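Student: I would like to take a close look at a single part of this structure. Could you please guide me through one region and explain how its residues are placed and paired?

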Amino acid sequence: MISVVVPVYNASAQLPRCIESILAQTYEDFELLLLDDGSLDNSYEICKKYAGQDSRVHAFTHENAGVSATRNWGLSLAKGQYVEFADSDDYMRDNMMETLLSAMEAENADLVICGLTEVNPGGERRNLPRIRKTVAMENLEKEYPDIFECYLLNSPCNKLYRREKIQNGFPEDLSMGEDLLFNLEYMRHCSSVAFVPEALYFYECLDTGLVQKKRPDAIEIAQRLYLKSMEFKEEVHLGTLAETHISAIFLKFLFHGLSQCYSTEGMSSKEKKAVLKKWADNSHVRDALATAKMPEMKQRAAQFLMRHRMLTAMHLLMCLISGAKR
């Protein structure tokens with residue numbers, strides 16, 4: 001049986017679509033755990049309605065605790081041999097469970113990853129695995145960059161897990177990047193990962209995402225994700241290609257955080273320069289600057305200026321970038 005864990009928070013508009021896509025699955029041996037995280041709308045009433053209509057659906061509610069705590073709560077309630085996650089504003093193809101489970105059993109894999117479709121206001125973008133095979137963890141080095149470049153490890157929702165392999169839940173002290181840390185921790189206990197080439201999950205991209213919000217701790221969180229990713233790289237013996245990509249992701253969030261800092265009203269030029277110098281002096285930033293290959297010209301310029309400690313020029317660049325965003 002598959003346990004499907006769905007955290008729910010103020011999702012009354014999209015929730016029925018999510019639930020209906022799960023109930024329409026061609027694979028029918030599942031339990032659906034709808035976990036209301038203290039919603040202020042009628043989301044929990046919707047959960048209870050579906051629980052009353054289908055014995056596979058179970059509705060629960062608790063005071064607002066955040067998505068990670070709610071997913072961990074779902075893991076404690078799950079009874080299935082396998083676990084799948086979905087977000088309440090997303091949906092899936094009707095053959096997703098059957099396809100992922102078939103791949104897991106056929107390949108004797110510990111994790112199955114499929115592609116996903118990002119649904120944006122301006123259209124759709126498909127993130128597909130470039131790998132169409134099962135990869136043993138000891139052979140992951142060659143495939144690792146492709147996995148990251150497709151952002152296939154950043155979500156728990158396009159995956160099927162073995163419940164017995166989940167040793168640790170989602171970090172509850174993070175509100176950004178917790179999914180990646182959960183997946184990296186899980187993969188430490190895997191022997192192989194299977195990839196399904198189709199995009200079976202639909203991810204609804206909203207303008208209210210955490211990356212778009214101003215976060216005073218964004219760079220600190222990015223550094224933590226960088227260090228955990230590097231630990232994973234060392235533990236499973238990934239090579240320099242993986243380090244290059246992990247470093248690039250760290251610098252991307254670093255520059256994003258600096259840009260947010262520079263666009264903060266009421267912050268003096270002296271204070272902004274102090275923040276810039278703090279991160280330019282950071283040893284982990286220095287390591288990332290030396291190894292990353294940034295994809296965009298603007299990012300490469302920022303990398304060059306920080307790496308060579310041309311902080312006055314970097315300050316002017318950040319002022320220009322933050323001014324252009326206003």
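Tutor: Let us begin with a pair of charged residues. Asp87 and Arg71 are both buried, and this statement, like the others here, refers to a predicted model. The word "buried" stands for a relative accessible area under 20%.

The side chains of these two residues meet in a salt bridge, with N and O 2.9 Å apart. Arg71 belongs to helix α3, whereas Asp87 sits in the loop between β4 and β5 (91-92), so the pair ties together parts that are 16 residues apart in sequence. As a general principle, side chains of opposite charge can pair when their charged atoms come close.

Arg71 has a further partner. A salt bridge also joins Arg71 to Asp179, and here the closest N and O atoms are 2.6 Å apart. Because Asp179 lies in helix α6 and Arg71 in helix α3, this pair ties together parts that are 108 residues apart in sequence. Asp179 and Arg71 are both buried. Taken together, Arg71, Asp87 and Asp179 are linked in a network of salt bridges. The whole structure holds 17 salt bridges.

We may now turn to the helix that carries Arg71. Helix α3 spans residues 67-77, and its buried residues are Ser68, Ala69, Thr70, Arg71, Asn72, Gly74 and Leu75. What covers them includes the strands β1 (2-8), β2 (30-37), β3 (57-62) and β4 (82-85), together with helix α6 (178-187). Helix α6 is thus part of this cover, and Asp179, the partner of Arg71, lies in α6.

Strand β1, another part of the cover, contains Pro7. Pro7 has a relative accessible area of 9%, which means that Pro7 is buried, since the cut-off is 20%. Leaving aside residues up to four places away in sequence, Pro7 touches Leu35, Val67, Thr70, Arg71, Ala86, Asp87 and Ser88. Both Arg71 and Asp87 are therefore among the contacts of Pro7, and these two residues form the salt bridge with which we began. Pro7 and Trp73 are 66 residues apart along the chain, yet their C-alpha atoms are separated by 9.4 Å.

To review the picture, Arg71 is one of the buried residues of α3, is touched by Pro7, and is linked with Asp87 and Asp179 in a network of salt bridges.

Note on methods: Residues are numbered from 1 along each chain as its sequence is written. This is a predicted model: local features need pLDDT of at least 70, side-chain atom pairs count only at pLDDT 80 or more; totals for chains, interfaces and linings use all residues. Side-chain values use heavy atoms; hydrogens and water are left out. Buried means under 20% relative accessible area, exposed over 50%, partly exposed in between (1.4 Å probe, protein chains only). Helices (H or I, at least four residues) and strands (E, at least two) are DSSP runs, numbered from the N terminus. Contact means heavy atoms within 4.5 Å. A salt bridge is a side-chain nitrogen of Lys or Arg within 4 Å of a carboxyl oxygen of Asp or Glu.
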